[in-house]
Amino acid sequence: MLFPLSIAVKELGKRQRKAMAKLYFHYATMNAGKTTMLLQASYNYRERGMNTMLFVAGHYRKHDGGYVSSRIGLEADAEMFVSGDDLFARIAEHHDHTTTHCVFVDEAQFLQEEQVWQLARVADRLGIPVMCYGLRTDFQGNLFEGSQALLAIADELREVRTICRCGRKANMVVRLGPDGKVAKQGEQVAIGKDVYVSLCRKHWEEEMGRWKPEDLVGFAAAE
Ligand SMILES: [Zn+2]
């Protein structure tokens with residue numbers, strides 16, 4: 001049986017919309033306002049009567065319910081994810097009883113590689129866009145597992161910019177220990193009240209002790 005053309009076009013449009021759901025990675029250094037962006041974007045969906053599902057890393061939290069909170073005071077309830085969780089299964093099950101229009105993941109650097117693939121399948125197989133927000137590199141300048149996988153397979157990469165003390169774009173971060181000194185070694189994920197500072201690559205190398213001004217003696221220095 002042939003559909004009238006208008007219906008066929010409508011069906012095609014629906015299918016195309018579904019096929020176009022993407023996996024996004026918004027990455028930044030610390031303090032770049034990522035979480036505020038996430039909450040604003042989720043609010044925009046909900047304001048239009050659509051449902052969103054929020055995830056946050058359970059690494060720092062107790063298993064008594066998660067939430068996403070931003071530095072400017074916005075907050076929303078969120079589901080927690082930890083290593084080993086099957087995010088595709090959780091989202092598919094939720095979508096089954098509550099149609100979900102967008103999935104948001106905060107602290108996406110803590111995703112496992114396999115979980116990033118699960119989120120890719122949420123976009124590809126369920127037709128739900130997935131917006132991940134997280135850090136690109138740790139304080140030693142190495143990619144996190146989740147960030148590496150997202151940089152490799154996300155459809156859209158968006159850099160959330162922040163500025164170094166010198167005014168250049170900050171693409172690195174240093175961790176200050178309890179003594180206020182820059183940590184040069186240690187675990188990738190610190191438990192406790194460490195402070196992070198965003199720096200440009202040049203100043204990051206200096207703070208990390210990887211470059212000293214005297215190394216340039218005898219060469220023409222850049223500004
Ligand atoms: Zn700088």
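These legends accompany several close-up views of a predicted model.

**View 1. The whole chain at a glance.**
Before zooming in, here is the overall setting. The protein holds six helices and nine strands. Of its 223 residues, 30% are buried. Among contacts with a separation of 6 or more, 74% link residues 24 or more positions apart.

**View 2. An open sheet of seven strands.**
Reading across the sheet, the order is β3-β4-β2-β5-β6-β1-β7, and the pairing is mixed. At the edges sit β3 and β7 (156-159), each of which pairs on one side only. On average, and ignoring direction, neighbouring strands of this sheet are turned by 30 degrees against each other. Helix α2 packs on the sheet, where it touches β1, β2, β3, β4, β5 and β6, and its direction makes about 165 degrees with that of β6. Helix α5 (residues 145-153) also packs on the sheet; this helix touches β1, β6 and β7, and its direction makes about 130 degrees with that of β6.

**View 3. Strand β2 and its two partners.**
Here we look at a strand that is mostly covered: β2 spans residues 52-57, and six of its six residues are buried. In a regular strand, side chains alternate between the two faces of the sheet. In β2, T52, L54 and V56 point one way, while M53, F55 and A57 point the other way, and all are buried. Strands of a sheet pair through backbone hydrogen bonds, in parallel or antiparallel fashion. With strand β5 (residues 102-105), β2 runs parallel and is joined by four bridges. Follow M53 across to its bridge partner in β5, V103, then L54 to its own partner in that strand, F104. With strand β4 (residues 75-81), β2 again runs parallel, this time joined by three bridges. A57 is a good place to find that pairing, with F81 as its bridge partner in β4.

**View 4. Helix α2, with a buried face and an exposed one.**
How does the span of helix α2 (residues 34-47) compare with the expected one? At 1.5 Å a residue, its 14 residues should span 20 Å, and the end C-alpha atoms are indeed 20 Å apart, so the two agree. The buried residues of α2 are K34, T35, L38, L39 and S42. Seen down the helix axis, these buried residues fall within an arc of 130 degrees, and therefore line one face of α2. Their cover includes β1 (23-28), β2, β3 (66-69), β4, β5 and β6 (130-135). Turn to the face directed away from the buried side and you meet the exposed residues Q40, N44 and E47. After the helix comes G49, whose phi is positive, near 80 degrees.

**View 5. Residues listed under "binding site".**
An unreviewed UniProt entry lists A28, T29, M30, N31, A32, G33, K34, T35, D106, E107, A108 and Q109 for this feature. Two of these residues deserve a closer look. A28 is found in strand β1. Is A28 buried or exposed? A28 is buried, because 22 other C-beta atoms lie within 10 Å, and the cut-off for a buried residue is 20 or more. Leaving aside neighbours within four places in sequence, A28 is in contact with K34, L135, E159, V160 and T162. M30, by comparison, lies in the loop between β1 and α2. M30 counts as partly exposed because it has 16 C-beta neighbours inside 10 Å. Beyond four places in sequence, the contacts of M30 are L135, V173, Y196 and S198.

**View 6. E107, annotated as "active site".**
The unreviewed UniProt entry places this annotation on E107, and its "binding site" list includes E107 as well. Where in the fold is E107 found? E107 is in the loop between β5 and α4 (113-126). This residue is buried, because 24 other C-beta atoms lie within 10 Å. Apart from neighbours within four places in sequence, E107 is in contact with V56, A57 and G134. Two of those contacts take us back to View 3: V56 and A57 point opposite ways from β2, and both are buried.

Notes:
Residues numbered from 1 in each chain as written. Predicted model: local features only at pLDDT ≥ 70, side-chain atom pairs only at ≥ 80, totals over all residues. Buried ≥ 20, exposed ≤ 12 C-beta atoms within 10 Å, placed from the backbone. Helix = DSSP H or I, 4+ residues; strand = E, 2+ residues; numbered from the N terminus. Pairing = 2+ DSSP bridges. Expected span 1.5 Å × (residues − 1). Arc of directions from axis to C-beta. Contact = placed C-beta atoms within 7 Å. Axes fitted to C-alpha atoms, helices over the stretch in contact; angles between N-to-C directions. UniProt positions renumbered as here; feature names shortened; annotations may be inferred.
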